Amino acid sequence: YDFIPSGLISTTSPQPLLTDAQETIYHYANNVGSHIKLFEQQYQNAAIILRDQAEDRSNPQKGAAVESIARALEDLGQDLLNNTGEVPGSVASAHAALAKSYIEVGKNLALIPKTQGDDDFLKAIEAYNASADTFVKNYIALATLLNAYGITFSASDAGSVFTFSSAGL
């Protein structure tokens, strides 16, 4: 048995016992994660839509597709603010920041297809990029906070949207 390589077989380990506070945060994260996953499933081709609109800015259908994504981002942010149940106090400020970031990203994205001329287009992209940077920071802040509380998720948990892995690298 000494010659059999170790670490080749992956097993799952049971979820550790959670305190009441951790369990509340775990359920919260799964609830929020389900909203985010639903958006991601509905807009799997968002990058293609954005690229197509940038390459053909005069096409109204491509602009409308970008505006649809923008509305969905704003709706997701509003949904997170209003319809995710009770938000544990320990993550409330990170939750609110993330929700507001979704709204801001959506608003700035909606401006891009409405621009006239290259200068306005670039200004709109810069505004969008700035709000996207803030969004990423807020998303990572919430994920880090969940990790600090010792919350882990299996791949099948909706809260796994807050887990970063090296898969595919």
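## A walk through a five-helix model

Let us start at Ser160, which sits in the segment after helix α5. Helices here are DSSP runs of H or I with at least four residues, strands are runs of E with at least two, and both are numbered from the N terminus. The model is predicted, so local features need pLDDT of at least 70 and side-chain atom pairs count only at pLDDT 80 or more, while totals for chains, interfaces and linings use all residues. Residues are numbered from 1 along each chain as its sequence is written, and side-chain values use heavy atoms, with hydrogens and water left out.

Ser160 is buried, at a relative accessible area of 17%. Buried means under 20% relative accessible area, exposed means over 50%, and partly exposed lies in between, using a 1.4 Å probe and protein chains only. Leaving aside residues up to four places away in sequence, Ser160 touches Lys37, Phe153, Ser154 and Ala155. Touching, or contact, means heavy atoms within 4.5 Å.

**The whole chain**

The protein chain has 5 helices and 0 strands, and its pattern along the sequence reads α-α-α-α-α. Of its 169 residues, 37% are buried. Among contacts with a separation of 6 or more, 72% come from residues 24 or more positions apart.

How far do three of the helices reach? The table sets the distance between end C-alpha atoms beside the expected span, which is 1.5 Å times one less than the number of residues.

| Helix | Length | End-to-end C-alpha distance | Expected span |
|---|---|---|---|
| α3 | 23 residues | 32 Å | 33 Å |
| α4 | 20 residues | 29 Å | 28 Å |
| α5 | 31 residues | 44 Å | 45 Å |

**Helix α3 and its partner α1**

Helix α3 covers residues 60-82. At its start, a side-chain oxygen of Asn59 comes to within 2.9 Å of the backbone nitrogen of Gln61. That is a polar contact: a pair of N or O atoms within 3.5 Å, where within protein one atom must be able to donate a hydrogen and the other to accept it, and residues adjacent in sequence count only if both atoms are side-chain atoms.

The buried residues of α3 are Gly63, Val66, Ile69, Ala70, Ala72, Leu73, Leu76, Gly77 and Leu80. An α-helix has 3.6 residues a turn, so residues three or four places apart point the same way. The cover over the buried residues of α3 includes α1 (20-42), α2 (46-55) and α4 (92-111).

How do α1 and α3 pack? Their axes are 11 Å apart, at an angle of about 170 degrees. Axes are lines fitted to C-alpha atoms, for helices over the stretch in contact, and angles between N-to-C directions run from 0 to 180 degrees. The two helices α1 and α3 are therefore roughly antiparallel, a label for angles over 145 degrees (under 35 is roughly parallel, 65 to 115 roughly perpendicular, and the rest oblique). From α1, the contact is made by Val32, His35, Ile36 and Phe39, and from α3 by Ile69, Ala72, Leu73, Leu76, Asp79 and Leu80. These contact residues divide into 8 nonpolar, 1 polar and 1 charged. Here Ala, Val, Leu, Ile, Met, Phe, Trp, Tyr, Cys and Pro count as nonpolar, Asp, Glu, Lys and Arg as charged, and the others, Gly among them, as polar.

**Tyr102 in α4**

Buried residues of α4 pack against α1, α2, α3 and α5. One of them is Tyr102, with 5% relative accessibility. Beyond residues up to four places away in sequence, Tyr102 touches Ile36, Leu73, Glu74, Leu76, Gly77, Leu80, Phe135 and Tyr139. Its C-alpha is 9.7 Å from that of Thr134, 32 residues apart along the chain.

**Around α5**

Thr115 lies in the loop between α4 and α5 (118-148) and is buried, at 18% relative accessible area. A polar atom of the Thr115 side chain is 2.9 Å from the backbone oxygen of Ile112. Thr115 also touches Asp120, Phe121 and Ala124, not counting residues up to four places away in sequence.

Within α5, the buried residues include Phe121, Ala124, Phe135 and Tyr139. The cover over the buried residues of α5 includes α1, α2 and α4. Just after α5, Gly150 takes a positive phi of about 80 degrees.

**Gln22 in α1**

Gln22 belongs to α1 and is buried at 18% relative accessible area. Setting aside residues up to four places away in sequence, Gln22 touches Leu17, Tyr149, Gly150 and Ile151. A polar atom of the Gln22 side chain is 2.7 Å from the backbone oxygen of Tyr149.
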